[in-house]
Amino acid sequence: MKRAVWSYALVALALVACNSEGPGKVEGPGQPDPAMTLVELVRAQDVPANGSDTAIIRVVARDRDGRPVPNRTVEATSSNPNDEVVVQPGRTDKNGVSEIHVSATEVGSRVLTIAVHSLTIPQRPTIEFVPG
């Protein structure tokens, strides 16, 4: 009888170990992967440099498997320090999405640097501000 109980316990332990660490286990999203993160230019050309119209860049944070990564900080800076850069929301939503809004009072091209969870994204979107 003792041998049967031990055998049952060992089988149960083996099953638990396989289910929690096995290759079939589906985990939540991992850390953001800069190479997999999508940067979409929603409005980046011919944006009036009037201080109120904004360029819009959408960021979709993804892990190395392409899954969206929620609740990660997003930061952005413009090549022109006089521009106003606002990230809305400041953390990615449940779909890994955040938007960057940039307004300017000076005409010209800008290059944005974007970081998700302190990881710099390789894409450097360009914005073109025109007289407005």
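This briefing walks through a sheet, a loop residue, a nonpolar core and a set of salt bridges. The model is a predicted one. Its open sheet has four strands in the order β1-β3-β6-β5, and its largest nonpolar core contains 20 residues. Five salt bridges are present in the structure, and E40, R58 and E99 are linked in a network of them.

**The open sheet**

- Reading across the sheet, you meet β1, then β3, then β6, then β5, and the pairing is antiparallel.
- The edges are formed by β1, residues 38-43, and β5, residues 84-88, each of which pairs on one side only.
- From one strand to the next, the twist averages 20°.
- Strand β6 spans residues 97-103 and is joined to β5 by five bridges, with the two strands running antiparallel.
- For a handy landmark on this pairing, look at V85, which stands opposite V102 in β6.
- As general background, strands of a sheet pair through backbone hydrogen bonds, in either a parallel or an antiparallel way.

**T92, between β5 and β6**

- T92 sits in the loop that lies between β5 and β6.
- Is T92 buried or exposed? T92 counts as buried, because its relative accessibility is 5% and the cut-off for buried is under 20%.
- A polar atom of the T92 side chain lies 2.9 Å from the backbone oxygen of V69.
- Setting aside residues up to four places away in sequence, T92 touches A61, V69, P70, N71, R72, V74, V97 and S98.
- V69 therefore appears both as the residue whose backbone oxygen lies 2.9 Å from the T92 side chain and among the residues that T92 touches.

**The nonpolar core**

- Within the 20-residue core, the residues with the most contacts inside it are I57, I100, V102, L112, I114, I127 and F129.
- Which strands each supply at least two residues of this core? They are β3 (55-60), β4 (74-78), β6, β7 (108-116) and β9 (126-130).
- V102 belongs to that well-connected group, and V102 is also the residue of β6 that stands opposite V85.
- I127 is in contact with A44, A55, I57, V102, G108, S109, R110 and L112, leaving aside neighbours within four places in sequence.

**The salt-bridge network of E40, R58 and E99**

- E40 forms a salt bridge with R58, and their closest N and O atoms are 3.2 Å apart.
- This pair links distant parts of the chain, with E40 in strand β1 and R58 in strand β3, 18 residues apart.
- R58 also forms a salt bridge with E99, where the closest N and O atoms are 2.9 Å apart.
- That pair again links distant parts of the chain, from R58 in strand β3 to E99 in strand β6, 41 residues apart.
- E40 is partly exposed at a relative accessible area of 32%, and R58 is partly exposed at 24%.
- In general terms, side chains of opposite charge can pair when their charged atoms come close.

**The R110–D83 salt bridge**

- R110 forms a salt bridge with D83, the closest N and O atoms being 2.6 Å apart.
- Where do the two partners lie? R110 is in strand β7 and D83 is in the loop between β4 and β5, 27 residues apart, linking distant parts of the chain.
- R110 is buried, with a relative accessible area of 2%, and D83 is buried too, with 10%.
- R110 is also one of the residues in contact with I127.

Technical notes:
Residues are numbered from 1 along each chain as its sequence is written. This is a predicted model: local features need pLDDT of at least 70, side-chain atom pairs count only at pLDDT 80 or more; totals for chains, interfaces and linings use all residues. Side-chain values use heavy atoms; hydrogens and water are left out. Two strands pair if DSSP finds at least two bridges between them. Axes are lines fitted to C-alpha atoms, for helices over the stretch in contact, and angles run from 0 to 180 degrees between N-to-C directions. Buried means under 20% relative accessible area, exposed over 50%, partly exposed in between (1.4 Å probe, protein chains only). A polar contact is a pair of N or O atoms within 3.5 Å; within protein, one must be able to donate a hydrogen and the other to accept it, and residues adjacent in sequence count only if both atoms are side-chain atoms. Contact means heavy atoms within 4.5 Å. A nonpolar core is a set of buried Ala, Val, Leu, Ile, Met, Phe, Trp, Tyr and Cys residues joined through side-chain atoms within 4.5 Å. A salt bridge is a side-chain nitrogen of Lys or Arg within 4 Å of a carboxyl oxygen of Asp or Glu.
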